[in-house]
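Work through the following exercises with the sequence and the model side by side. Each task is followed by a solution that proceeds step by step.

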Amino acid sequence: MLACSVRRAASAALNSHAGTLNSVPVRYAGHNKWSKIHRAKSVADKKQGIRINAVLRALRQTVATGGPDMKRNYALARLYQSAFKLKIEKSILDSAVKKAVASPMQDIVLEGRSPLGFNVVLMVSSGGKLSRAAVQNAFSKTMQKQPLDIAPGSALFTFDKKGLVTVARTDDLADPDDLAIECEAEDWMAGEDVEGNPTVQFICAETEVHSVKDALTGMNIEVSSTEIGYLPKGERVEVKDEDVEATLGLFDALDEHPDVSSYYTNVAGR
């Protein structure tokens, strides 16, 4: 088990920025420079836009894995309810479902190196049967103004592929440290769902996702989503003070990009 007490310190927070089926992680404020600047940038309508994009991305993914029938696909039904709370019109959701059925989505793993000194692994959703090279080329064009160079072999070697099992962090949820031990997860990290409610993501080997999920379900804890993600190895990268604005600009661009279903970085304190 990783040092949970250390993890509670924001400076050691793991760096997931995933838009999973029912959750979008929170951006951690590790060093004071991050928290000050992020508070200034956290405009309400921008955060709302990010959450709406996350819901629509999650909707496409949910349809791809569970089908468009809400009577059978309970995750899709929950997404509709979350979307209504965000004031997304039903016609927009129905249109997104039809598009997902007509052109099933596939997630392509891309990797990139920022000239600011850190690495990024991205899950980019693509309709149809485009090749990885075609998806990479199209995505790179949309990110030309951002400090990120997309190139095979540039980042994946600095990350571990892990399973992530997400639950809501309700008032009656037991201590995540104890739950992680009971469900035999390696560790846990905090996040938030599309409505801004706190969540807990349990980290495990990618082959253990179902066993961790079953263990939590056996404790009468509802699992919101499961996924395979990428967590950084070793020391995190400290961004220089003069590069903070550009770094946050990149994260905002990835948050708002309609094709980025999730991304992971090795930036310290985020």
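Helices are DSSP runs of H or I with at least four residues, and they are numbered from the N terminus. The model is a predicted one.

**Exercise 1. Describe the chain as a whole: how many helices and strands are there, and what share of the residues is buried?**

Step 1. The secondary structure of the protein chain amounts to 9 helices and 10 strands.

Step 2. Of the 270 residues in the protein chain, 49% are buried, where buried stands for a relative accessible area under 20%.

Step 3. Turning to contacts with a separation of 6 or more in the protein chain, 73% of them are between residues 24 or more positions apart.

**Exercise 2. Locate Thr247, and determine which backbone atom lies 2.8 Å from a polar atom of its side chain.**

Step 1. Thr247 belongs to helix 9, which covers residues 244-256.

Step 2. The relative accessibility of Thr247 is 0%, and Thr247 therefore counts as buried.

Step 3. The backbone atom sought is the oxygen of Asp243, which is 2.8 Å from a polar atom of the Thr247 side chain.

**Exercise 3. Characterise the packing of helix 4 against helix 5: at what angle do the axes cross, and is the crossing left-handed or right-handed?**

Step 1. Two packed helices are described by the angle between their axes together with the distance between those axes.

Step 2. Helix 4 (residues 74-85) and helix 5 (residues 90-102) have axes that come within 10 Å and cross at roughly 145 degrees, and the crossing of helix 4 and helix 5 is right-handed.

Step 3. On the side of helix 4 the contact is made by Leu76, Tyr80, Ala83 and Phe84, while helix 5 contributes Lys90, Leu93, Asp94 and Val97.

Step 4. Sorted by character, the residues of this contact of helix 4 with helix 5 comprise 6 nonpolar, no polar and 2 charged ones.

**Exercise 4. Count the salt bridges, then work out which parts of the chain are tied together by the pair Glu222 and Arg78.**

Step 1. Side chains of opposite charge can pair when their charged atoms come close.

Step 2. The cut-off needed here is a side-chain nitrogen of Lys or Arg within 4 Å of a carboxyl oxygen of Asp or Glu, and by this rule the count is 5 salt bridges.

Step 3. One of them joins the side chains of Glu222 and Arg78, with an N to O distance of 3.5 Å. Because Glu222 is in the loop between helix 8 (209-218) and strand 9 (223-232) whereas Arg78 is in helix 4, the pair ties together parts that are 144 residues apart in sequence.

Step 4. As for accessibility, Glu222 is exposed, with a relative accessible area of 55%, and Arg78 is partly exposed, with a relative accessible area of 33%.

**Exercise 5. Treat the salt bridges of Lys233 and Lys162 in the same manner: which residue is the partner of each?**

Step 1. The partner of Lys233 is Asp160, and the closest N and O atoms of this salt bridge are 3.9 Å apart. Lys233 sits in the loop between strand 9 and helix 9 and Asp160 in strand 6 (residues 159-168), so this pair ties together parts that are 73 residues apart in sequence.

Step 2. Lys233, with a relative accessible area of 39%, is partly exposed, and Asp160, at 33% relative accessibility, likewise counts as partly exposed.

Step 3. The partner of Lys162 is Glu186, the closest N and O atoms being 2.8 Å apart. This pair links distant parts of the chain, 24 residues apart, since Lys162 is in strand 6 and Glu186 in the loop between helix 7 (176-182) and strand 7 (187-193).Step 4. Lys162 counts as buried at 18% relative accessibility, whereas Glu186 counts as partly exposed at 31%.

**Exercise 6. Find where Lys87 and Glu184 lie, and state whether each is buried or exposed.**

Step 1. Lys87 is in the loop between helix 4 and helix 5, and Lys87 has a positive phi of about 65 degrees although it is not a glycine.

Step 2. With a relative accessible area of 73%, Lys87 is exposed.

Step 3. Glu184 is in the loop between helix 7 and strand 7, and its phi, near 60 degrees, is a positive value in a residue other than glycine.

Step 4. Glu184 counts as exposed, at 69% relative accessibility.

Conventions:
Residues numbered from 1 in each chain as written. Predicted model: local features only at pLDDT ≥ 70, side-chain atom pairs only at ≥ 80, totals over all residues. Heavy atoms only, no water. Helix = DSSP H or I, 4+ residues; strand = E, 2+ residues; numbered from the N terminus. Buried < 20%, exposed > 50% of the residue type's maximum accessible area, 1.4 Å probe, protein only. Polar contact = N/O pair within 3.5 Å; in protein donor to acceptor, adjacent residues only side chain to side chain. Axes fitted to C-alpha atoms, helices over the stretch in contact; angles between N-to-C directions. Left-handed = near helix turned anticlockwise from the far one by under 90°. Contact = heavy atoms within 4.5 Å. Nonpolar A, V, L, I, M, F, W, Y, C, P; charged D, E, K, R; others polar.
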